[in-house]
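Colleague: Mind if I quiz you on how you justify the labels you put on this thing?

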Amino acid sequence: MARYEQVQGTVALITLTNPPVNALSAAVRLGITETVTRALRDPEVKSMVICGENGVFCGGADIREFAKPMSGPPLVPMIAAIEEGEKPVVAAIEGAAFGGGLELALGCHYRIAHSKARVGLPEVTLGLLPAAGGTQRLPRLIGLAPALDLITTGRHVTAQEALKLGIVDQVTDQSALDLAIQFAQQVVGQPLLPRKLSTRQTPCPPDVDGLLEETMAQVKQRARGAMAPIACVQAVRAAATLPYQAGMQKEQELMATLFHSSQARAMQYCFFAQRAVGRWSLSSGAHSGNSKPRPVSKVAVIGLGTMGRGITVALVKAGMSVLAVETNKKQLEIGKQMVSAMLKHDAQKRNATPRLDLLHFTIDLLELKNTDLIIEAVFEDMALKKQVFKELSSVCKADAFLCTNTSGLDVDELAAVTKRPELVVGMHFFAPAHVMKLLEVVHGSRSSPEAVATAMHLGKRLGKVSVLVGNCAGFVGNRMLKPYLEQANFLLEEGATPELVDGALEEFGFPMGVFKMSDLSGLDVGWRIRKEAGLTGPNVDPRDPPRRRQGRRYSPLPDLVCEQGRLGQKNGRGWYLYDKPGGRVATPDPSIHKFLEEYRIKHGISPRQIDRQEVVERCLFALINEGFRSLDDGIAAGPEDIDMIYVFGYGWPRHRGGPMFYAGMVGLPRVLTRLEHYRQAHPEVPHLEPSPLLRRLVASGSPPINKWRDFLQRPHSQL
Ligand SMILES: CC(C)(COP(=O)(O)OP(=O)(O)OC[C@H]1O[C@@H](n2cnc3c(N)ncnc32)[C@H](O)[C@@H]1OP(=O)(O)O)[C@@H](O)C(=O)NCCC(=O)NCCSC(=O)C[C@@H](O)CCCCCCCCCCCCC(=O)O
């Protein structure tokens, strides 16, 4: 797993050979150990170069091995042997040097990178820390502050930034390997000691403690309960305050705590799940391996409201030419100003030039005739969308794909008004569409594999995590959100406050609780949907009592809040008070507390003490239960799909893996028992009735999450 050659007479070239990313598996570590020993012993060899096969230096430790008993030579002594040896070693970095890969390069005496290469220590995103000396060598190389930044965020660094920071010694547009071999010959005979990072002192600012404290405070706030970022700060602190060997000892101790933690397992599950959801399949037998996307060069976006603007920006940022369409000149002008401003703002942040040249605006639908793919992003109204789809179907070329950005409307109903239902798919973007990583691609019953492949591929080009879902009200994400919101409202009726509910959910790890999230989205959004569904407003069945609708318990609380003119952040008043309309600083509102008290008196509800555990269980177990139903109905293909939707679209904390993974961690029998308990206490709430799939899984001994698919009633029948 490591090839050995002698080149230019005196240079030993060691190539890591473990496709696709040359991960440091046991075999690779053995290969490196043996080849380095051989080169150090061979008197003809004066220097060494380490590189990776297929244009990738190394993607780090083999993450798949973490779940198995450790075997093979450990990384720390392997890297120490390279650094301690008396022959210069040069790392030739092409593609990527991440995690253990960069740690290996830091053990080398010199680093040469290709201009397109990226380096970084992303262990924190896997619930770990760089435990092959990364937390000790990197600060000694680039200083305390930049090392804290890189190690606690895990961010990827371009070759240019790596050069500026001093991580690499040279960057080339030519072959990094050729330059490294040349370099390795030139440095023979030069003093090696100053190049051995373990012998250096960490460059620190005068107020080391101040910097460490400030960083720790920021990291704790960002971490939302994740342990790894905190351990990263502690390990880097050791690089600033302890001798190298003691620092290494600290690094190992901290890693030992993280390594077997449920958080690390959750985050590593997310790493693989994120990649797995890209491999979609349909019940017809079509799958990502046998269905090719059609090339798309001209894209149009219909409607320049919030969603349309974000989608347009995302497309332009991905380098695509976009025709943006509005109904009249005034709307077009507003949209144009806003999209241009968003692109300029984004480019400024990245120190780049905004690609305004890729944008074209029109109010003339006939200009769509040469477009390959159209994303309709008009207001969420079925009648309006149908009208637009009819027009698109007649003006667009016969093989153009028609995509609808909808958060839950029936894709089949829209496809049915066109002459090409097989080319219609849903593309559910999340606001702000140029920022949020998630895209639900909705497969209608007549969507062709080519249309699905094209939409999934487009999502990838936009840098999104695209998840294929079936067509039902709310698809996967919003369908599961419904019981979550419902439980939150019921908890208010029973005695909770918005702050109590939000506090429990934020403590769990969500960036904001359900009521703050509703205020952010705008309370009128749900109100309009409930009116259309006949749950409130003039269409309510007059025989329904105030807290019952369509045969089940209903909470009119959010409707009553809207009737008071409280629409959320946008007008400064919702479940909370805001500093100003559009403001983001939420403060608890005594008038909401009074309103809740009066409501309970009016409806004869005796408030009770509700604790945080009940909030978490009722809200999240109800959501998870709906997740099991979506799986069993074939709307979600697998638990990983649901988990990635929640991690990337709804702020589910990554260190808890996603709702379905979390259910497995809590234990399926416990989820079932608690749902049964709450269902008994609230017999009028059908969402609390444990799903048949959950019952089947528990009855079968609660198999691990990767076996759940075997228990589905209708494996992705709707996909
Ligand atoms: C490298 C990438 C940027 C490439 O991206 P690209 O888009 O080109 O490709 P994909 O991401 O799709 O990947 C292709 C394919 O490869 C798989 N893969 C990628 N990286 C790895 C990997 N590192 N290991 C295994 N497999 C990998 C990927 O899954 C894809 O396959 P799939 O089938 O899923 O489609 C990109 O891939 C990337 O970013 N990779 C991850 C980079 C990363 O995070 N690296 C860090 C790894 S962790 C690490 O390196 C740890 C080290 O610091 C130190 C380890 C020391 C361990 C010591 C253990 C001590 C234990 C102590 C406690 C014990 C106590 C006790 O038991 O008592």
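Modeller: Sure, let's take the ligand and then the domains, bearing in mind that this is a predicted model.

Colleague: What makes the pair between Arg279 and the ligand a polar contact?

Modeller: A polar side-chain atom of Arg279 lies 2.8 Å from an oxygen atom of the ligand. The cut-off is 3.5 Å for a pair of N or O atoms, so this pair counts.

Colleague: And how do you know that the backbone of Ile63 makes one with the ligand too?

Modeller: Here a backbone N or O atom of Ile63 is 2.9 Å from a ligand nitrogen. That's within 3.5 Å, so the label holds. Ala61 has a polar backbone atom 2.8 Å from a nitrogen atom of the ligand, so Ala61 passes by that cut-off as well. As for cover, the protein hides 71% of the 1300 Å² of accessible area that the ligand has on its own.

Colleague: Which residue classes make up the shell around the ligand?

Modeller: There are 18 nonpolar, five polar and six charged residues. Among the 29 residues around the ligand, Gly100, Glu103, Glu123, Arg275 and Arg279 come nearest. Gly100 is classed as polar, because Gly goes with the polar group by definition. Helix H11 (262-276) is one of the helices supplying at least two shell residues, and H11 gives the most, with three.

Colleague: Why do you say domain 1 and domain 4 are in contact?

Modeller: Contact means heavy atoms within 4.5 Å, and five residues of domain 1 meet that with four of domain 4, so the word applies. The two bury about 260 Å² between them, 42% of it on carbon and sulfur atoms. Thr125, Arg224 and Ala226 supply 86% of the area domain 1 buries there.

Methods:
Residues are numbered from 1 along each chain as its sequence is written. This is a predicted model: local features need pLDDT of at least 70, side-chain atom pairs count only at pLDDT 80 or more; totals for chains, interfaces and linings use all residues. Side-chain values use heavy atoms; hydrogens and water are left out. A residue is near a molecule or strand if one of its heavy atoms lies within 4 Å of it. A polar contact is a pair of N or O atoms within 3.5 Å; within protein, one must be able to donate a hydrogen and the other to accept it, and residues adjacent in sequence count only if both atoms are side-chain atoms. Accessible areas come from the Shrake-Rupley method with a 1.4 Å probe; for residues, only the protein chains shown count as cover. Helices (H or I, at least four residues) and strands (E, at least two) are DSSP runs, numbered from the N terminus. Buried area is the accessible area (1.4 Å probe) that two parts lose on being put together, summed over both.
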